[in-house]
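Okay, thanks everyone for coming. I'd like to walk you through a structure that's new to most of you, so have a look at it while I talk.

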Amino acid sequence: MWGRFAWPVTLEAGNILLRPLRHRDKREWMELRQRNADWLAPWEASNPAPGGYLPSYNEMVRALNAQVRSCSALPFVIAERREGSRRPVMVGQLTVSGIIWGSALTATLGYWVDRERAGRGIAPTAVALATDYCFRELGLHRMEINIRPENEASLQVVRKLGFRDEGIRRAYLHIAGSWADHRSFALTAEEIPGGLLRRWRETAPRA
């Protein structure tokens, strides 16, 4: 292993933080997902096996924790500090998965954010935080994000961050009941020597 894989990890930038997804987050996570069901449905992964089902929340967390133990994933909650709230409020999820060590030093990143908080810079900040951590602390070389070509909200995130468009992957993932094309975007550590969060802050539109 190239870098030092440590877990749990909390990453922060301004009022946005990434913290580990936990079993005790179930109620908040379920409420957030239910509120965003229509917003997320077109992009949801599905099980291609006949009669296959998606894991329950607890099964999902157990599977992600198993990947953490094998040093192949980082499952984060995206949370936001808000005035009047005693603790940061869950606004989404970000998972770094498929971490490959050795000569590849690569990973894949996926994310979703509460529709009510979309367009406020939360997703770009979260992606930048996770990417910088993977490059600087874990020693990874490449981060990849795969997005449905129709998912304009997610496409805006990688465009804002300057991820390189590497083209279409045909029938890449089973989404919402059928095999779906995805567009692949990537960055390598050499492309952002000053860090992705710093570059995002320098180029983000001012309020």
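Let's start out at Glu-202, which counts as exposed because its relative accessibility is 54%. One thing to keep in mind as you look: this is a predicted model. Now, what does the side chain of Glu-202 meet? It meets the side chain of Arg-198 in a salt bridge, at 3.3 Å from N to O. Arg-198 counts as exposed too, at 53% relative accessibility. Both of them sit in helix α6, residues 196-203, and they're four residues apart, so to speak about one turn of the helix.

That pair is one example from a longer list: searching the whole structure turns up 19 salt bridges. The general idea is that side chains of opposite charge can pair when their charged atoms come close. To place a few others, we need the sheet.

So, the sheet. How many strands does it have, and in what order? There are eight strands in an open sheet, and the order reads β1-β2-β3-β4-β5-β6-β8-β7, with mixed pairing. At the edges you'll find β1, residues 11-13, and β7, residues 164-175, each of them pairing on one side only. From one strand to the next, the twist averages 25°. As a reminder, strands of a sheet pair through backbone hydrogen bonds, either parallel or antiparallel.

Take β6 and β8 as a case. Strand β6 covers residues 142-147, strand β8 covers residues 178-188, and they pair in the antiparallel sense over six bridges. If you want a spot to click on, Ile-147 stands opposite Arg-183 in β8. And what lies across this part of the sheet? That's helix α5, residues 152-161, which lies across β5 (106-113), β6 and β8, and runs at about 150° to β6.

Okay, back to the charges. Glu-166 forms a salt bridge with Arg-142, and the closest N and O atoms are 2.7 Å apart. Glu-166 is in strand β7 and Arg-142 is in strand β6, so this pair ties together parts that are 24 residues apart in sequence. Is Arg-142 buried or exposed? It counts as buried, because its relative accessibility is 18% and the cut-off for buried is under 20%. Glu-166, on the other hand, is partly exposed, with a relative accessible area of 37%. These two also belong to a network of salt bridges that links Arg-142, Glu-144, Arg-164, Glu-166, Arg-169 and Glu-191.

Now over to β1. Arg-81 forms a salt bridge with Glu-12, with the closest N and O atoms 2.9 Å apart. Arg-81 lies in the loop between β3 (74-80) and β4 (89-100), while Glu-12 is in strand β1, so the pair ties together parts that are 69 residues apart in sequence. Both count as partly exposed: Arg-81 has 37% relative accessibility, and Glu-12 has a relative accessible area of 46%.

Last stop: Arg-19, found in strand β2, residues 16-20. Arg-19 counts as buried, since its relative accessibility is 12%. What does its side chain make a polar contact with? The side chain of Asp-25, at 2.9 Å. Leaving aside neighbours within four places in sequence, Arg-19 is in contact with Val-9, Thr-10, Asp-25, Pro-75, Phe-76, Val-77 and Met-90.

That's the tour. Happy to take questions.

How values were computed:
Residues numbered from 1 in each chain as written. Predicted model: local features only at pLDDT ≥ 70, side-chain atom pairs only at ≥ 80, totals over all residues. Heavy atoms only, no water. Pairing = 2+ DSSP bridges. Helix = DSSP H or I, 4+ residues; strand = E, 2+ residues; numbered from the N terminus. Axes fitted to C-alpha atoms, helices over the stretch in contact; angles between N-to-C directions. Contact = heavy atoms within 4.5 Å. Buried < 20%, exposed > 50% of the residue type's maximum accessible area, 1.4 Å probe, protein only. Polar contact = N/O pair within 3.5 Å; in protein donor to acceptor, adjacent residues only side chain to side chain. Salt bridge = Lys/Arg side-chain N within 4 Å of Asp/Glu carboxyl O.
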